[in-house]
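Welcome! Please open the structure and keep the sequence beside you while you read.

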Amino acid sequence: MKKFSIVIAGGGSTYTPGIILMLLDNLDRFPIRKIKLYDNDKDRQDIIAGACEILIKERAPEIEFLATIDPEEAFTDIDFVMAHIRVGKYAMRELDEKIPLKYNVVGQETCGPGGIAYGMRSIGPIIELIDYMERYSPNAWMLNYSNPAAIVAEATRRLRPKSKVLNICDMPIGIENRMAKILGLESRKDLIVKYYGLNHFGWWTDIRDRKGNDLMPKLKEYVSKHGYVIDDGDSQHVDPSWYDTFAKAKDVYAVDPDTLPNTYLKYYLFPDYVVQHSNKEYTRANEVMDGREKFVFSECRKIIENKSSKDSKLHIDEHASYIVDLARAIAYNTQERMLLIVENQGAIENFDPTAMVEIPCIVGSNGPEPIRIGRIPQFQKGLMEQQVSVEKLVVDAWIEGSYQKLWQALTLSKTVPSAHVAKLILDELIEANKGYWPELK
Ligand code: NAD
Ligand code: G6P
Ligand code: MN
């Protein structure tokens, strides 16, 4: 059986050890001959890499391992690029969240002005990764989950339309895991779902088991009372702020009880609530820096010191096995049905054909084949047209270096109350992002 060679771009990510452990746990489904880590921050990556090298030596010593900041070394002889970079790291995420909050606007990693700022930072470096891949391994595929995925996906559509890049998000997967538990099913793979929207902005319209039984009524009854809160959730979304997000899905659901919502809609439908419940001095970035980042890096340092992962608290990121499902779909033409962020091209009949939408696709060796959604209701269409226009204006602004377009993007965001506030936030974001954004005129 062919063995694959992969590079993880953003090797210094807090998710890398969990993903490596997941890959090592899935070698029977997805055999690997080489794993490389690539990052542009050597010191950060070295700590993660030092631990990963030991994890791999202990569990699968036959796999060749290498960590590098040299693109040629990283991207040569590669079948898959798994990309999860965070341009500007947590320091910039913190500003993305805190600057809008000063003006009582949602401060969030991927939604509203914070997401726009993050998008403006990410477009260039993501295009750079694609170009490295195509230069050094022209047959490779990139599986991208770097955020903000909606803006990144629109940018790759515009700037690298022929590139083999698949954009995927784990939020629907996390929610579907919860749905399966609510229903008492073993796995989310027992669910056949219809879903449509934009990334971090979508709805389930139909959920059945493999026999065709409609599972929506039971789920709706549960979500109308508890949102997506369950006793034992996933290992990724555990902090109190995530609990609040899953609970708030109850109120988001009430706005359109015909569908089940993605949790991220709370930022657009209840921005006033979100701002009231935010701490302007201590945001999610602080929580992650004090929590996940400290934990992962200290566990990695321990592994390096002990030269062993014995007693390590690092755990397999089971939920990340969707990445293996996606790689397998391409490698083995599995024709698995998965939610991906793809160009609409008529799948949603009454919506911009050039919009990047998140919909079910059948994935095989040629890439994704989107499933037809048909016509969508006025409420969703209105929300999506507004949000997709924000995302397109950001990409326009990046390409043209246009202050005007970016001001329009912020003004159009449902999270921002006026063009005046949009401008105040934008001017601060420009200062904060010097060196990351193209110069705007
Ligand atoms: P992190 O800061 O711990 O890791 C990101 C790494 O990327 C850092 O080591 C950083 O040095 C590196 N990096 C930044 N710019 C780079 C560049 N130009 N080239 C190479 N490396 C670069 O962040 P994290 O919290 O572990 O998250 C990583 C990414 O995964 C983020 O974009 C996050 O939003 C995303 N994510 C996406 C999903 C999804 O559903 N799509 C789920 C989880 C995380
Ligand atoms: C979900 C989303 C990701 C996002 C992550 C943030 O998994 O799908 O796109 O990056 O949440 O989690 P964090 O713990 O970093 O706030
Ligand atoms: Mn996501």
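The sections below go through some helix pairs, two ligands and two backbone details.

## Before we start

Please keep in mind that this is a predicted model. The distances and angles in this report are computed from that model.

## Helices H4 and H16

Let's begin with helix H4, which covers residues 89-102, and helix H16, which covers residues 419-432. Their axes come within 10 Å and cross at roughly 160 degrees. How do these two helices run relative to each other? An angle over 145 degrees counts as roughly antiparallel, and therefore H4 and H16 are roughly antiparallel to each other. Their crossing is right-handed.

Which residues meet here? From H4 come Met-92, Leu-95, Ile-99, Pro-100 and Lys-102, and they meet Ile-425, Glu-428, Leu-429 and Ala-432 of H16. Sorted by character, the residues of this contact are seven nonpolar, two charged and no polar.

## Helix H14 and its two partners

Helix H14 spans residues 378-400, and helix H6 spans residues 149-159. H6 and H14 pack with their axes 9 Å apart, at an angle of about 55 degrees. The two helices are therefore oblique to each other, and H6 passes H14 in a right-handed crossing. On the H6 side, the contact is made by Ala-150, Ile-151, Glu-154, Ala-155, Arg-157, Arg-158 and Leu-159. On the H14 side you can find Glu-391, Lys-392, Val-394, Val-395, Asp-396, Trp-398 and Ile-399. The residues of this contact divide into eight nonpolar, six charged and no polar.

The other partner of H14 described here is helix H15, residues 403-412. The axes of H14 and H15 come within 8 Å and cross at roughly 160 degrees. That makes H14 roughly antiparallel to H15, and the crossing is left-handed. Among the H14 residues in this contact are Val-390, Leu-393, Val-394, Asp-396 and Ala-397. H15 brings Lys-405, Leu-406, Gln-408, Ala-409 and Leu-412. The residues of the contact of H14 with H15 divide into seven nonpolar, three polar and three charged. Look out for Val-394 and Asp-396: they meet H6, and they also meet H15.

## Around ligand 1

How many residues surround ligand 1? There are 27, and the closest are Ser-13, Thr-14, Asp-39, Tyr-90 and Tyr-118.

Now zoom in on some oxygen atoms of this ligand. One is 2.6 Å from an N or O atom in the side chain of Asp-39. For the side chain of Arg-86, the distance from an N or O atom to an oxygen atom of ligand 1 is 2.9 Å. Asp-170 takes part through its backbone, where an N or O atom lies 2.8 Å from an oxygen atom of ligand 1.

## Around ligand 2

Ligand 2 is surrounded by 15 residues, the closest being Arg-93, Asn-147, Asp-170, Arg-284 and Arg-292. You have already met Asp-170, through its backbone atom beside ligand 1.

Which side chains can you check here? An N or O atom in the side chain of Arg-93 is 2.8 Å from an oxygen atom of ligand 2. A polar side-chain atom of Arg-292 also lies 2.8 Å from an oxygen atom of this ligand. For His-200, an N or O atom of the side chain is 3.1 Å from an oxygen atom of ligand 2.

## Two backbone details

Most residues other than glycine have a negative phi, and most peptide bonds are trans. With that in mind, here are two places to look at.

Is the peptide bond from Asn-147 to Pro-148 cis or trans? This bond is cis, with omega near -10 degrees. Pro-148 lies in the loop between strand S5 (141-144) and H6. Asn-147 is also one of the closest residues to ligand 2.

The other place is Asn-104, which has a positive phi of about 60 degrees although it is not a glycine. Asn-104 sits in the loop between H4 and helix H5 (112-136).

Definitions and conventions:
Residues numbered from 1 in each chain as written. Chains lettered and ligands numbered in written order. Predicted model: local features only at pLDDT ≥ 70, side-chain atom pairs only at ≥ 80, totals over all residues. Heavy atoms only, no water. Axes fitted to C-alpha atoms, helices over the stretch in contact; angles between N-to-C directions. Helix = DSSP H or I, 4+ residues; strand = E, 2+ residues; numbered from the N terminus. Parallel < 35°, antiparallel > 145°, perpendicular 65-115°, else oblique. Left-handed = near helix turned anticlockwise from the far one by under 90°. Contact = heavy atoms within 4.5 Å. Nonpolar A, V, L, I, M, F, W, Y, C, P; charged D, E, K, R; others polar. Near = heavy atom within 4 Å. Polar contact = N/O pair within 3.5 Å; in protein donor to acceptor, adjacent residues only side chain to side chain.
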